[in-house]
Amino acid sequence: MDIEDKVNHLIKLLESSEYTIAFTGAGISAESGVPTFRGRGGLWEKFDPLKLATPEAFREDPRRVWEWYKWRMEVIAKAKPNPAHIVLAKLEEKGIVKAIITQNVDGLHQRAGSKNVIELHGNIWRARCTNCNYKTRLQEPPRKIPPKCPECNNPLRPDVVWFGEPLPRKAWEEALNEASKADLIIVVGTSGVVQPAAMIPVIVKYHGGKIVDINIEEDNYTNIADLFIKTKAGQVFKTLGEKLKLI
Ligand code: NAD
Ligand code: ZN
């Protein structure tokens with residue numbers, strides 16, 4: 001089957017679905033220029049995550065961790081939503097997609113116009129105090145690192161979920177609720193190895209729903225997917241958007 005046939009199959013699944021949701025990972029933003037963690041060209045090839053994305057790493061060297069986040073914020077600030085983000089936002093506008101559950105911290109779904117975005121791993125543009133309840137939104141990468149809390153002068157940390165940390169309770173509950181209602185989930189650009197987020201598509205399947213998996217490589221959902229589209233997300237959604245006259 002070529003991409004046209006696959007997208008036609010996806011349209012059939014969308015037509016027979018009453019409640020479609022999307023589940024996205026770093027791969028959806030790859031074509032926007034934001035590197036993924038795993039997979040070809042992923043950040044894990046060059047960096048050691050255990051030195052950068054854990055509470056221990058931050059305690060040991062907050063500057064090193066902030067340097068890395070600062071660099072990622074600069075990359076993300078320059079990035080623009082690609083057709084995958086844009087067409088998902090249009091599908092939500094049309095009432096076809098009800099929610100987007102994302103593992104990404106880049107905010108590109110919101111910038112594309114999506115409204116019901118559930119961020120399981122936080123957002124890179126938020127920071128919070130390591131000591132008190134202070135939270136803030138950053139307009140740009142911080143100049144002085146680590147930035148200090150204006151209330152208690154302790155270091156602020158990125159408001160993202162690191163390895164070994166629990167997910168934000170409200171986001172996780174909302175995601176579980178969406179997954180239990182969905183009869184179709186479109187999984188885009190995720191390796192499906194980061195738990196517990198990776199369970200979301202499996203929960204949809206468990207409730208009798210279907211999985212569409214879009215990835216340039218096989219991932220953890222490929223074997224249980226009802227439709228696997230081995231193509232770049234941007235290309236799949238561009239084709240879908242054109243066929244549905246959304247773009
Ligand atoms: P991951 O890096 O583990 O996997 C990325 C997946 O995307 C891979 O399976 C890869 O084959 C696929 N992919 C790459 N380019 C693609 C494309 N053009 N189209 C379709 N698929 C493509 O990412 P993950 O599964 O999201 O999990 C890792 C963690 O990484 C998450 O917790 C997330 O917070 C974090 N992360 C976020 C960003 C971001 O916000 N943009 C970037 C890197 C990592
Ligand atoms: Zn504080």
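Here are some exercises on this predicted model, each with a worked solution.

Residues are numbered from 1 along each chain as its sequence is written, with chains lettered from A and ligands numbered from 1 in the order in which they are written. Because the model is predicted, local features need pLDDT of at least 70, side-chain atom pairs count only at pLDDT 80 or more, and totals for chains, interfaces and linings use all residues, while side-chain values use heavy atoms, with hydrogens and water left out.

**Exercise 1. The surroundings of strand E8**

Task: Find which strands pair with E8, and work out how many of the residues of E8 are buried.

Solution:

- Start with the naming: helices (H or I, at least four residues) and strands (E, at least two) are DSSP runs, numbered from the N terminus.
- Now look to one side. E7 (residues 184-188) runs parallel to E8 and pairs with it over 5 bridges; strands pair if DSSP finds at least two bridges between them. Ile 186 has Val 212 of E8 as its bridge partner.
- Follow the chain from E7 to E8: it passes through helix H7 (residues 199-206), giving a right-handed β-α-β crossover. Right-handed here means that, with the strands pointing away from the viewer, the path from the first strand over the helix to the second runs clockwise.
- Next comes E9 (residues 227-229), which is parallel to E8 and joined to it by 3 bridges. Val 212 appears again here, opposite Leu 227.
- Finally, count the burial. In E8 (residues 210-214), 4 of the 5 residues are buried, so the strand is largely enclosed by the rest of the structure. Buried means under 20% relative accessible area, exposed over 50%, and partly exposed in between (1.4 Å probe, protein chains only).

**Exercise 2. The largest nonpolar core**

Task: Identify the residues with the most contacts inside the largest nonpolar core, then trace what packs around helix H8.

Solution:

- A nonpolar core is a set of buried Ala, Val, Leu, Ile, Met, Phe, Trp, Tyr and Cys residues joined through side-chain atoms within 4.5 Å. The largest has 25 residues, and Val 212, Ile 214, Phe 237 and Leu 240 have the most contacts inside it.
- Which elements build it? At least two residues each come from H1 (3-15), H4 (83-93), E2 (97-102), E7, E8, E9 and H8 (233-243). H1 gives the most, with 5 residues.
- Turn to H8. Its buried residues include Val 236, Phe 237 and Leu 240, and the buried residues of this helix pack against H1, H4, E7, E8 and E9.
- Zoom in on Leu 240. Apart from neighbours within four places in sequence, Leu 240 is in contact (heavy atoms within 4.5 Å) with Val 7, Leu 10, Ile 11, Leu 14, Val 87 and Leu 91.
- A second, separate core has 24 residues, among them Ala 53, Met 73, Cys 149 and Leu 156. Keep Cys 149 in mind for what comes next.

**Exercise 3. The zinc site**

Task: Name the protein donors of the zinc ion (ligand 2) and decide the geometry of its site.

Solution:

- Donors are N, O and S atoms within 2.8 Å of the metal (3.2 Å for Na, K and Ca); water is not among the atoms, so sites may look incomplete. For this zinc ion they are the SG atoms of Cys 129, Cys 132, Cys 149 and Cys 152, at 2.2 to 2.3 Å.
- Check the angles: the 4 donor atoms give 99 to 121°, and the site is tetrahedral. For four donors, that label requires all angles to lie between 85 and 135 degrees.
- Read the spacing along the chain: C-x2-C-x16-C-x2-C. Cys 129 in E4 (residues 122-129) and Cys 149 in the loop between E5 (135-137) and E6 (156-160) are 20 residues apart.
- As for burial, Cys 129 has a relative accessible area of 6% and is buried, and Cys 149 is buried too, at 3%.

**Exercise 4. Backbone oddities**

Task: Locate the cis peptide bonds before Pro 146 and Pro 196, and the positive phi values of Asn 153 and Lys 245.

Solution:

- Recall that most residues other than glycine have a negative phi, and most peptide bonds are trans.
- The bond from Ile 145 to Pro 146 is cis, with omega near -10°; Pro 146 sits in the loop between E5 and E6.
- The bond from Gln 195 to Pro 196 is also cis, with omega near 0°, and Pro 196 is in the loop between E7 and H7.
- Asn 153, in the loop between E5 and E6, has a phi of about 70° and is exposed at 54% relative accessibility.
- Lys 245, just after H8, has a phi of about 55° and is exposed at 72%.

Notes
Four donors count as tetrahedral if all angles lie between 85 and 135 degrees; four count as square planar and six as octahedral if opposite donors are over 155 degrees apart and all others between 65 and 115; anything else is irregular.
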